[in-house]
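Reader: Hi! I'm new to reading protein structures, could you walk me through one?
Author: Happy to. Let's put it up and start from the inside.

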Amino acid sequence: MTGRAKLMWDEQVTQYDFGQGHPMDPVRLALTRSLVRAFGLDGALPVVAAPAAGESTLALVHRPEYVAAVRRASADPRAAEQSFGIGTVDNPAFAGMHEAAALIAGQSVGAAEAVWHGEVEHAVNFAGGLHHAMPASAAGFCVYNDAALAVARLLELGAERVVYIDVDVHHGDGVQEVFWDDPRVLTISLHEHPSTLFPQTGWPEECGGPKAEGCAVNVALPAGTGDAGWLRAFHAVVPELVAAFRPQVVVSQHGADTHFEDPLAHLAVSLDAQRLVAEACHALAHEHAAGRWVALGGGGYAVTDVVPRTWTHLVAIAAGVPIAPRTLVPEDWRHEVYARTRATAPSRMTDGREPVFSGFEDAGYDPASRLDQAILSTRRAVFPSHGLLP
């Protein structure tokens, strides 16, 4: 390895902008980048920009007719074709849409290439994690599926086993769809139960195609799940499966919308727990994948209070200089938040909690617990395919 980590960033990714009032406000990206800089993390890891994903790269996941439709809508938003999921309430067309989406995808692909080639152990693209885009349609604020493209590029480069861990509050449906029948990829998604949240998929019974049984893993968490339950579910499912799968690379998606302040979902997770899961993914990469870790952003719509802090922790963990939970937020950054948004910024780097949880194996299964029912449903569905006991 020639370096520990790198941050993928191009200012132009903030042009991925669905317009005023849309939840996916690009200010969340700009404020995250500013907070990373305010903590001096630019001195701990290089910040580099990769080129936008080109036609051949996009074709690893997306159909040519869809990319052509995105290009047409990008040149003239009035030409948006809703049959491709463009020009909808969730995915309004905007000028330059193709260029901005391809640039975000390029950063994730560049991160995957850097990790696979041994330039760095870890690479972060917090602008990425757009996991809902399908091969032939946009969905859920996502135009190109950069997460799937990063995994696909790793396979193209010769990776034989890649694990994708998705802790966004929404099911990682697009990535699951792309690799549904590919035994080289293990997709694991922890998300709010599909009965209460978009995209209404991610049931534990969704386990993969006939060539890849057990390679799609879904933990459907009850609405209202907080730190203890979220961490219990993660540790009851993810580490054992990752160990059994023996990945060469870990790709993780860190949507911040599990947070209790997020306006679009119904979990009750704190920044402190989100930080612990980022550390867990980092540890899993070192334990099972020679340190190869590609870390992506994702959802998150508390754009000043939550997203910048969560993803700054992610960058700091990757850089090897984690930020202590009770660290105060730099005052200059708080002034920037107010100047940009007229919102009052948080004063410290987490919510001041100290999450604890009981391990599934240690504490035992509680048949009256909806959370434990969800965990056991997932373990029963997929653990036997990996030689594990439910």
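**Inside and outside**

Author: Phe234 is a good place to begin: leaving aside neighbours within four places in sequence, Phe234 is in contact with Ile165, Val167, Leu190, Pro239, Val277, Ala280, Cys281 and Leu284. Keep in mind that this is a predicted model.

Reader: Which residues have the most contacts inside the largest nonpolar core?
Author: Those are Ile86, Ile165 and Phe234, in a core of 134 residues. Helix H4, residues 97–116, supplies the largest share of this core, with 12 residues.

Reader: Why would nonpolar residues group like that?
Author: In soluble globular proteins, nonpolar side chains tend to be buried together.

Reader: OK, new topic. How many cavities are there?
Author: Searching the whole structure gives three cavities of 30 Å³ or more. The largest cavity has a volume of about 70 Å³.

Reader: And which residues line the largest cavity?
Author: The lining consists of Val167, Trp230, His254, Gly255, Ala256, Gln274, Val277, Ala278, Thr310 and Leu314. Two elements give two or more residues to it, helix H8 (271–288) and helix H9 (307–319). H8 gives the most, with three residues. Two names may ring a bell: Val167 and Val277 belong to this lining, and both are in contact with Phe234.

Reader: What classes of residue are in that lining?
Author: The lining of the largest cavity has six nonpolar and four polar residues, and no charged ones.

Reader: What about pockets, what volume does the largest one have?
Author: The largest pocket has a volume of about 200 Å³. Its lining has 20 residues, and Gly140, Phe141, His170, Phe198 and Tyr301 lie nearest the pocket's centre.

Reader: How do the residues of that pocket lining divide by class?
Author: They divide into nine nonpolar, eight polar and three charged.

Reader: Phe198 is on your pocket list. What kind of peptide bond joins Phe198 and Pro199?
Author: A cis one, with omega at about 5 degrees. Pro199 is in the loop between strand S5 (185–192) and strand S6 (216–221). For background, most residues other than glycine have a negative phi, and most peptide bonds are trans.

Reader: Which residues have a positive phi although they are not glycine?
Author: Gln200 is one of them, with a phi of about 60 degrees. Gln200 is also in the loop between S5 and S6. Arg342 is another, again with a phi of about 60 degrees, and Arg342 is found in the loop between helix H10 (331–341) and helix H11 (360–363).

Reader: Are those two buried or exposed?
Author: Gln200 counts as partly exposed because its relative accessibility is 46%. Arg342 has a relative accessible area of 56%, so Arg342 is exposed.

Reader: Got it. Where is Asp257, and is it buried or exposed?
Author: Asp257 is in the loop between strand S7 (249–253) and H8. Asp257 counts as buried because its relative accessibility is 0%.

Reader: What does Asp257 touch?
Author: Not counting residues up to four places away in sequence, Asp257 touches Asp168, Val169, His170, Asp262, Ala265, Gly299, Gly300 and Tyr301. You've met His170 and Tyr301 already, in the lining of the largest pocket.

Reader: And where is Asp305?
Author: Asp305 lies in the loop between strand S8 (293–296) and H9. Asp305 is partly exposed, with a relative accessible area of 24%. Leaving aside neighbours within four places in sequence, Asp305 is in contact with Glu261, Leu271, Thr344 and Pro346.

Reader: One more residue: where is Gln82?
Author: Gln82 is in the loop between helix H3 (64–75) and H4. Gln82 counts as exposed because its relative accessibility is 55%, and exposed here means over 50%. Not counting residues up to four places away in sequence, Gln82 touches Gly87 and Thr88.

Reader: How far apart are the C-alpha atoms of Gln82 and Ala278?
Author: They are separated by 36 Å, and the two residues are 196 residues apart along the chain. Ala278 is in the lining of the largest cavity.

Reader: Last one! What domain does UniProt annotate here?
Author: The UniProt annotation, from an unreviewed entry, reads "domain: Histone deacetylase" and covers residues 22–316. That span is 38% helix and 12% strand, and its end C-alpha atoms lie 29 Å apart.

How values were computed. Residues are numbered from 1 along each chain as its sequence is written. This is a predicted model: local features need pLDDT of at least 70, side-chain atom pairs count only at pLDDT 80 or more; totals for chains, interfaces and linings use all residues. Side-chain values use heavy atoms; hydrogens and water are left out. On a 1 Å grid over the protein atoms alone, a cavity is a set of points where a 1.4 Å probe fits but cannot get out, and a pocket is an open set with protein on both sides within 12 Å along at least five of seven lines; lining residues have an atom within 4 Å of a point. Grid points are joined across faces, edges and corners, and a volume is the space filled by probe spheres set on the points. Helices (H or I, at least four residues) and strands (E, at least two) are DSSP runs, numbered from the N terminus. Ala, Val, Leu, Ile, Met, Phe, Trp, Tyr, Cys and Pro count as nonpolar, Asp, Glu, Lys and Arg as charged, and the others, Gly among them, as polar. UniProt positions are given in the numbering used here, feature names are shortened, and annotations may be inferred rather than shown by experiment. A nonpolar core is a set of buried Ala, Val, Leu, Ile, Met, Phe, Trp, Tyr and Cys residues joined through side-chain atoms within 4.5 Å. Buried means under 20% relative accessible area, exposed over 50%, partly exposed in between (1.4 Å probe, protein chains only). Contact means heavy atoms within 4.5 Å.
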